[in-house]
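Please open the model in your viewer and keep the selection panel at hand. The tour goes from stop to stop, saying at each one what to select and what can be found there.

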Amino acid sequence: MLNVTDLRNGTTFQMDGAPYLVLRYMHTKMGRGTANVRVEARNLKSGRIEEKTFMSNARVENAPTTKKKMQYLYSDAENSVFMDPVTFEQVEIPLKIAQESVRFLKDGETADVMFWKDEALSVEVAPKVNLTVKDTGPGVKGNSATNIWKPATLENGIIVKVPLFIQGGDKIRMDTRTGEYVERLK
């Protein structure tokens, strides 16, 4: 059992028979009242983000999870397929759970896959990835005093906003948590 005050970002716990991953933790104390712990957690089975509030002395069940480095193979209409590079065993993860992470992966790249009771639940990619710009429009600067952004299509099909100086063929760094452009690479 875990005390709810031990829940931090990235911690997993079990509630109502489902595993949860803590995304955001907040401890509040109001005047003479009792302290509350509020967490924003992702249900690892359904993929939904839920907000849970606990009394500070409450306890939740620990959800022992394991992470394995696996190689991304491909995605179809319903699942993403990963392979264990040691045993060559393939694992399918529903796109409704893994889609946000998988969109930043290229075929053959490795990612951490989280397992709970031998069931693959989520995919964790690096916070920043390097991708090549496949296509972007011309950068036309007009009467502006601020930064101007234009759409660009990346090698994996994602369309993002990039600054005007980015051209097709440039390598850029993307933040996988926000899906935004970070910088141009040399």
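In this predicted model, the structure holds 4 aromatic pairs, and the tour begins with one of them. Select phenylalanine 13 and tyrosine 20, whose ring centres lie 5.4 Å apart with the planes at 15 degrees, so the pair is stacked; for a pair to count as stacked, the planes have to be under 30 degrees apart. Are these two residues buried or exposed? Phenylalanine 13 has a relative accessible area of 0% and is buried, and tyrosine 20, with a relative accessible area of 4%, is buried as well.

Keep both residues selected and add Phe54, since ring pairs link Phe13, Tyr20 and Phe54 into a cluster.

Next, select tryptophan 149 together with tyrosine 181, which form an aromatic pair of the edge-to-face kind, with 5.9 Å from centre to centre and 70 degrees between the planes. This pair links distant parts of the chain, as tryptophan 149 belongs to strand β13 and tyrosine 181 to strand β16, 32 residues apart. Tryptophan 149 has a relative accessibility of 42% and counts as partly exposed, whereas tyrosine 181, at 14% relative accessibility, counts as buried; the cut-off for buried is under 20%.

From these two residues, widen the selection to the strands around them. Which order do the strands of this open sheet follow? The sheet has 5 strands in the order β14-β13-β12-β15-β16, and the pairing is antiparallel. To find the edges, select residues 159-163 for β14 and residues 180-184 for β16, each of which pairs on one side only. Turning the view along the sheet, you can follow a twist that averages 55 degrees from one strand to the next.

Within the sheet, select residues 128-136, which make up strand β12, and residues 149-154, which make up strand β13: the two strands run antiparallel and are joined by 3 bridges. For a single point of contact between them, select valine 133 and then leucine 154, its bridge partner in β13.

The last stops are places where a charged side chain meets a ring. Select arginine 8 and tyrosine 25, and you will find that arginine 8 lies over the face of tyrosine 25, at 4.4 Å from the ring centre. Then select lysine 68 with phenylalanine 115, where the charged end of the lysine sits over the ring, 5.4 Å from its centre.

How values were computed: Residues are numbered from 1 along each chain as its sequence is written. This is a predicted model: local features need pLDDT of at least 70, side-chain atom pairs count only at pLDDT 80 or more; totals for chains, interfaces and linings use all residues. Side-chain values use heavy atoms; hydrogens and water are left out. Two strands pair if DSSP finds at least two bridges between them. Helices (H or I, at least four residues) and strands (E, at least two) are DSSP runs, numbered from the N terminus. Axes are lines fitted to C-alpha atoms, for helices over the stretch in contact, and angles run from 0 to 180 degrees between N-to-C directions. Rings of Phe, Tyr and Trp (its six-membered ring) pair if their centres lie within 6.5 Å; planes under 30 degrees apart count as stacked, over 60 as edge-to-face and the rest as tilted. Buried means under 20% relative accessible area, exposed over 50%, partly exposed in between (1.4 Å probe, protein chains only). A charge sits over a ring if NZ of Lys or CZ of Arg is within 6 Å of the ring centre and within 35 degrees of the ring normal.
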